[in-house]
Amino acid sequence: MLKFFYTFLLMFGVVYGSDARAESVLFLSPGKAQESFWISYAQFMQAAARDLGIDLQILYSQRMPELTVAQARQALQGPDRPDYLVFVNEQYVAPQILRLAQGSGVKLFMVNSSLTADQLSLLGDRPDRLGSLVPNDEEGGYQMLKELIRLHPPVAPGQVIELLAFSGLKITSSAQQREYGMMRALAEHPEVRLRQMVYSGWTRDRAYEQAILLFRRYPDVSLIWSANDEMAFGAMQAFSEEVGGIPGKDALFSAVNASPAALQAKVDGTLSVLLGGHFTLGGWALVQLHDVEQGVDVSQYGGRDRQIPLLQLIDKTQARQMLSMGAASDYGVDFRRLSAKGRPTSYRYPFSLQTLMR
């Protein structure tokens with residue numbers, strides 16, 4: 001089994017940058033190399049690494065947490081250790097990785113999902129754990145449903161608006177937080193009834209299969225909330241085929257992720273609500289790690305573990321702009337200019353979609 005994992009390490013490793021770099025960073029991506037979100041995530045990291053002069057390597061775990069741990073073991077205990085290891089606490093792998101890192105000399109940074117409160121209390125503080133950047137997932141789930149409800153035509157007193165929800169993995173923090181946000185918005189709108197929430201594992205095929213059954217069971221559903229774009233597309237396909245309906249007209253669909261397909265669907269109107277921006281987290285993390293390499297105490301510039309409001313509603317104009325921006329290899333961002341080096345401690349890293357759209 002271990003030999004199988006190490007074969008995967010070689011199969012799904014992608015190296016960016018040249019050999020002469022100031023510092024080396026390994027990012028353990030929890031996703032699949034073919035997933036639209038993790039493709040855009042890697043591309044943005046690549047742009048940042050190129051601009052900052054970082055030797056960046058990315059390994060994909062194909063959504064297998066045991067492979068993530070195997071990749072971490074090889075990186076942290078092998079002969080060619082990176083200066084920095086960036087990873088996601090996907091399916092709660094962080095404690096295993098932190099144990100593997102003890103005495104390795106590798107500095108650790110988490111993105112997208114950090115230590116839970118229970119994990120932090122058990123593991124305590126460590127000098128090799130530099131910090132984390134996570135998005136506003138709970139607020140994102142809340143905003144998405146609020147906007148869906150706002151766009152829905154008003155109903156007569158006593159009538160209800162029926163809702164279906166497609167979430168990711170039960171044991172994934174981002175899915176949980178987005179669900180909490182959805183439920184918070186739902187509590188504010190008694191006229192909306194959640195018929196059913198299902199877990200589709202972030203995949204289009206699973207959401208499609210589930211949606212076929214759900215649309216048969218609940219033919220009057222007119223709002224569909226999805227925690228990512230792939231699941232939204234699966235549900236939209238089922239709605240068109242099973243119900244014969246037109247997404248964006250006969251029912252309103254929402255999604256998270258600023259993938260090219262999702263941005264185009266927003267422009268076309270088949271996606272009524274789209275949130276995105278968190279594909280930039282890895283690139284922003286590289287800005288901070290480059291500062292650490294230059295002796296900057298990044299904890300003085302907003303804190304060691306930070307949540308940043310990256311998830312925001314994307315309108316059609318912004319979607320068009322982001323589609324054109326994606327064709328530029330550097331995303332139009334001068335990553336070096338974002339550095340905190342030499343700035344007063346009142347400075348805050350401008351990590352947001354607005355930085356991309358200037």
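Which residue in β3 is the bridge partner of S24? In this predicted model, the partner is D55. The pairing around that bridge is where I will start, after a word on confidence.

The mean pLDDT of the protein is 91, and 93% of the residues reach at least 70. The exception I want to flag is residues 1-21, where pLDDT stays under 50. The model does have 37 contacts beyond four places in sequence for that stretch. Where pLDDT is low, predicted coordinates should not be read in detail, so I leave those contacts alone.

On annotation, UniProt, in an unreviewed entry, places "domain: Periplasmic binding protein" at residues 29-276. Over that range the chain is 46% helix and 21% strand, and the C-alpha atoms at the two ends lie 18 Å apart.

Back to the strands. Strand β2, residues 23-29, runs parallel to β3, with seven bridges between them. Strand β3 covers residues 54-60, and five of its seven residues are buried. Further along, β4, residues 84-87, pairs with β5 in the parallel sense through four bridges, and L85 sits opposite L108 of β5. Why is β5, residues 107-111, described as largely enclosed by the rest of the structure? Because four of its five residues are buried.

Between those strands in sequence comes helix α3, residues 65-77. Its 13 residues reach 18 Å from first C-alpha to last, close to the 18 Å expected at 1.5 Å a residue. The buried residues of α3 are L67, T68, V69, A70, Q71, A72, A75 and L76.

Next, the six-stranded sheet. It is open and mixed in its pairing, and the strand order is β8-β7-β9-β10-β11-β13. The edges are β8, residues 192-199, and β13, residues 312-313, each pairing on one side only. Inside the order, β10 (residues 252-256) and β11 (residues 273-276) run parallel and are joined by three bridges. One residue pair to look at there is A255 with its bridge partner L274 in β11. Helix α6, residues 137-151, packs on this sheet and touches β7, β8, β9, β10, β11 and β13. The direction of α6 makes about 165° with that of β9.

Another parallel pair is β6, residues 129-135, with β12, again over four bridges. P135 stands opposite I308 in β12. Strand β12, residues 305-308, has alternating side chains. R306 and I308 point to one face and are buried; D305 and Q307 point to the other face and are not buried.

Now helix α10, residues 260-268. Its buried residues are A262, L263, A265, K266 and V267. Note that a lysine, K266, is on that list. What covers the buried residues of α10? The cover includes α9 (229-243), β11 and α12 (316-325). Just after the helix, G269 has a positive phi of about 95°.

Last, one loop residue. S346 lies in the loop between α12 and α13. Is S346 buried or exposed? S346 counts as exposed because its relative accessibility is 58%, and the cut-off for exposed is over 50%. Its C-alpha is 55 Å from that of V243, a residue 103 places away along the chain.

That is the tour.

Technical notes
Residues are numbered from 1 along each chain as its sequence is written. This is a predicted model: local features need pLDDT of at least 70, side-chain atom pairs count only at pLDDT 80 or more; totals for chains, interfaces and linings use all residues. Side-chain values use heavy atoms; hydrogens and water are left out. UniProt positions are given in the numbering used here, feature names are shortened, and annotations may be inferred rather than shown by experiment. pLDDT is the predictor's confidence in each residue, from 0 to 100. Contact means heavy atoms within 4.5 Å. Two strands pair if DSSP finds at least two bridges between them. Axes are lines fitted to C-alpha atoms, for helices over the stretch in contact, and angles run from 0 to 180 degrees between N-to-C directions. The expected span of a helix is 1.5 Å times one less than its number of residues. Buried means under 20% relative accessible area, exposed over 50%, partly exposed in between (1.4 Å probe, protein chains only).
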